[in-house]
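Here's a quick briefing on how helices pack and where empty space is left. Have the sequence and the 3D view open while you read.

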Amino acid sequence: MTPEELEELPSVRTGIDVLARDGYALLDGASVGLITNHTGLLRDGMTATVDALHQTPGVRVKALFGPEHGIRGLLDEAVPDGTDERTGLPVHSLYGQRTEPTGEQTAGLDTLVFDVQDVGCRFYTYISTLGHCLHAAAERGLRFVVLDRPNPITGVGVEGPLVDDTRLSFTAFHPIPVRHGMTVGEIALLLNAERGWKANLVVVKCEGWKRGDWWDATGLQWTNPSPNMRSLTQATLYPGVGLLEFTNVSVGRGTDTPFEVLGAPYIEGRALAYDLNARGLPGVRFVPVRFTPTASKFQGEPCGGVNLVITDRNKLQPVRTGLEIALALRALYLEEWQASKFLTLLANRSAMDGLLASEEYATLQKRFVPDLRAFSRARADFLLYE
């Protein structure tokens, strides 16, 4: 199939595709700092935003800024500064020693452009990088352009407790729920308003995406947003299974299916699967498994655990699923499971107290539902898509 024929295939146009179609006029004459990584691609799935902007007459890309995992998305550690091999542009890391561009790094720029694919979960750090960069733009009078992208797990699902004001961090940048149901452009609008930054913010909207669309309805190529986020299924489960990341449970890193399995050497998979299936969670079933991670937590140690099987993604409540798993671990492995570290990503003291008290989910949920409803009302002012 020719490039021209590929271009005619139906698919969502992301912000960079809309910008390209319009001849990059929005950035004509601009001195640009580009925040991006390997997910910054045009709809052909091959042309990088870095290359497209660098090759466009009238657009002066002077610096690149990389989020967690680096510009090429290959690292699972602190990311160093460097130089982009293709363009020779300096690459400034925003994951490691710093999380926000310095004044020296933005000197000579008038525009920051953000093009990174998010996965729709609060503790996935790309939206924290978005927030830090938007703040830098506001402080220095720079225009901030977000090239928007779809939320792969839909823009409908909003679930879980909000962050306590005292627990803000790089994995909890702003008081939003675990599953926020927003695009990066919408989050930028929310942050700019609720933080009172008054940045010169421009969002280049997607075309053809609707709030209820999953990634597989977009016609766009899936590119792993990070080394252990390898499928839409894993992104769908991540807001729940990912909550367990800091506890002494493997969430499948070092296996072929991260976030689709979880376990530990002290877990008996059949017992955990029985308990979880008895809870009747919507849209998901649990199968006992054994696995041995080749990396990360419990590397080289046989683990008992469960494989999560999505039976209806539209009924699945991933955050509830994660909380119910935590309640099951609390019931079955009170001594072995390090429950206290669950607070790291949950970031809500009241919900954590409910977990430690072994409350049933229906009771625990009452602790955060009022705030969740208030957020749902507030976010309506920043939604860009039907």
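What follows covers the pocket, the cavities and three helix pairs.

Keep in mind that this is a predicted model. The largest pocket holds about 460 Å³ of space, and a search of the whole structure also turns up three cavities of 30 Å³ or more. On the packing side, H7 meets H9, H5 meets H6, and H8 meets H9.

**The largest pocket**

- Start with the open space: the largest pocket comes to about 460 Å³, and 26 residues line it.
- If you want to find its centre, look for Glu68, Tyr238, Glu245, Phe246 and Arg253, which are the closest of the lining residues.
- By class, the pocket lining has 12 nonpolar, eight polar and six charged residues.

**The cavities**

- Rolling a probe the size of a water molecule over the atoms is a handy way to see where empty space is left.
- In this model, three cavities reach 30 Å³ or more, and the largest of them encloses about 170 Å³.
- That largest cavity has 17 lining residues, with Thr39, Arg149, Trp215, Gln221 and Thr223 nearest its centre.
- Its lining breaks down into seven nonpolar, six polar and four charged residues.
- The second largest cavity has a volume of about 60 Å³.
- Around that second cavity sit Arg122, Ile127, Phe173, His174, Ile176, Ile187 and Leu191, which split into five nonpolar, one polar and one charged.

**H5 against H6**

- Helix H5 (residues 126–140) packs on helix H6 (residues 184–194) at an angle of about 45 degrees, and their axes are 10 Å apart.
- The two helices are therefore oblique to each other, and their crossing is right-handed.
- H5 brings Ile127, Leu130, Gly131 and Leu134 to the contact, while H6 brings Val184, Ile187, Ala188, Leu191 and Asn192.
- Sorted by class, that contact has seven nonpolar residues, two polar and no charged.
- A link worth checking on screen: Ile127, Ile187 and Leu191 belong to this helix contact and also line the second largest cavity.

**H7 against H9**

- Helix H7 (residues 232–241) and helix H9 (residues 318–332) have axes 6 Å apart and pack at about 45 degrees.
- That angle makes H7 oblique to H9.
- The H7 and H9 crossing is right-handed.
- Thr236, Leu237, Pro239 and Gly240 make the contact from H7, and Pro318, Val319 and Gly322 make it from H9.
- This contact counts four nonpolar and three polar residues, with no charged ones.

**H8 against H9**

- H9 also packs with helix H8 (residues 269–278), here at an angle of about 130 degrees and with the axes 10 Å apart.
- That makes H8 oblique to H9.
- H8 passes H9 in a right-handed crossing.
- From H8, the contact uses Ala271, Leu272, Asp275 and Leu276; from H9, it uses Glu324, Ile325, Ala328, Leu329 and Leu332.
- The class split for this contact is seven nonpolar, no polar and two charged.
- So what does H9 offer to each partner? H7 is met by Pro318, Val319 and Gly322, and H8 by Glu324, Ile325, Ala328, Leu329 and Leu332.

Key:
Residues are numbered from 1 along each chain as its sequence is written. This is a predicted model: local features need pLDDT of at least 70, side-chain atom pairs count only at pLDDT 80 or more; totals for chains, interfaces and linings use all residues. Side-chain values use heavy atoms; hydrogens and water are left out. On a 1 Å grid over the protein atoms alone, a cavity is a set of points where a 1.4 Å probe fits but cannot get out, and a pocket is an open set with protein on both sides within 12 Å along at least five of seven lines; lining residues have an atom within 4 Å of a point. Grid points are joined across faces, edges and corners, and a volume is the space filled by probe spheres set on the points. Ala, Val, Leu, Ile, Met, Phe, Trp, Tyr, Cys and Pro count as nonpolar, Asp, Glu, Lys and Arg as charged, and the others, Gly among them, as polar. Axes are lines fitted to C-alpha atoms, for helices over the stretch in contact, and angles run from 0 to 180 degrees between N-to-C directions. Helices (H or I, at least four residues) and strands (E, at least two) are DSSP runs, numbered from the N terminus. Angles under 35 degrees count as roughly parallel, over 145 as roughly antiparallel, 65 to 115 as roughly perpendicular and the rest as oblique. A crossing is left-handed if the near helix is turned anticlockwise from the far one by less than a right angle, and right-handed if clockwise. Contact means heavy atoms within 4.5 Å.
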